[in-house]
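Trainee: Please take one charged side chain and give me a close look at it. Then work outwards to the rest of the chain.

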Amino acid sequence: ELCADRSLIKLLFGWNNDAMKDQVAMLGKPPDALWQNWEGKDKYFHPDGTPKEAHDRRLKVYPLSLKQRVRNLEKPLSERGYGTGDEAPLPPDLQNLFDLLNGVITYDARSRMSFEGVQAHPFFRGVNIPGC
């Protein structure tokens with residue numbers, strides 16, 4: 001995010017969305033401590049973590065997998081898929097992005113990819129940005 005001057009989370013979830021809502025929709029209900037501390041959960045989710053219908057709300061809950069969200073990055077907003085049935089292989093650049101994000105976006109900080117692992121990831125191969 002620092003090098004690209006863009007928020008990675010907002011790119012995955014859309015500029016006008018609640019990123020936490022979309023993260024929960026993607027990863028499922030977080031561990032109890034996180035779930036209890038999130039004040040906005042009742043607006044979008046039932047107590048068991050399943051999405052509520054979007055009655056009178058602009059922001060809908062789309063339970064999309066990380067892979068589908070990455071796949072959507074290559075499409076205009078009007079053409080993004082909200083189903084999860086597309087099993088075609090990702091293009092190599094998007095596959096590298098998916099692999100990187102899959103190692104980073106998780107509730108359990110201990111299981112996240114290390115900083116060194118992120119730096120060495122193939123997604124960044126050939127990137128030479130001074131200071132990063």
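Mentor: Start with Lys21. It is buried, at a relative accessible area of 0% (buried is under 20%, exposed over 50%, partly exposed in between, with a 1.4 Å probe and protein chains only). This is a predicted model, where local features need pLDDT of at least 70 and side-chain atom pairs pLDDT 80 or more, while totals for chains, interfaces and linings use all residues. Residues are numbered from 1 along each chain as its sequence is written, and side-chain values use heavy atoms, without hydrogens and water.

What does Lys21 form with Asp22? The two share a salt bridge, and their closest N and O atoms are 2.7 Å apart (the rule: a side-chain nitrogen of Lys or Arg within 4 Å of a carboxyl oxygen of Asp or Glu). Asp22 is buried too, at 2% relative accessibility. So this bridge joins two buried residues.

The structure holds 2 salt bridges. The side chains of Asp108 and Arg110 also meet in one, at 3.2 Å from N to O. Here Asp108 is partly exposed, with a relative accessible area of 31%. Arg110 is exposed, at 77%.

Back to Lys21. It also lies over the face of Tyr44, 5.8 Å from the ring centre (NZ of Lys or CZ of Arg must be within 6 Å of the centre and within 35 degrees of the ring normal). Lys67 does likewise: its charged end sits over the ring of Phe98, 5.2 Å from the centre.

Now follow Tyr44 to its ring neighbours. Ring pairs link Tyr44, Phe45, Trp35 and Trp38 into a cluster. In the whole structure, a search finds 5 aromatic pairs (Phe, Tyr or six-membered Trp rings with centres within 6.5 Å; planes under 30 degrees apart are stacked, over 60 edge-to-face, the rest tilted). Trp35 and Trp38 form one that is edge-to-face, with 6.1 Å between centres and 65° between planes. Both partners are buried: Trp35 has 3% relative accessibility, and Trp38 has 12%. Phe123 and Phe124 are another edge-to-face pair, with centres 5.1 Å apart and planes at 80°. These two residues are partly exposed, Phe123 at 33% and Phe124 at 32%.

Next, the nonpolar cores. Which residues make up the largest one? Its 9 members are Met26, Leu66, Val70, Leu90, Leu94, Leu97, Phe98, Leu101 and Ile105 (a core is a set of buried Ala, Val, Leu, Ile, Met, Phe, Trp, Tyr and Cys residues joined through side-chain atoms within 4.5 Å). Helix H5 (66-72) and helix H6 (92-104) each supply at least two of its residues. H6 gives the most, with 4 residues. A second, separate core has 8 residues, among them Trp35, Tyr44, Val61 and Tyr107. Tyr44, the ring under Lys21, therefore belongs to this second core as well. In soluble globular proteins, nonpolar side chains tend to be buried together.

Finally, step back to the whole chain. It has 7 helices and 0 strands (DSSP runs numbered from the N terminus: helices H or I of at least four residues, strands E of at least two). Of its 132 residues, 27% count as buried. The chain exposes about 8,800 Å², and carbon and sulfur atoms supply 53% of that (Shrake-Rupley method, 1.4 Å probe; for residues, only the protein chains shown count as cover).
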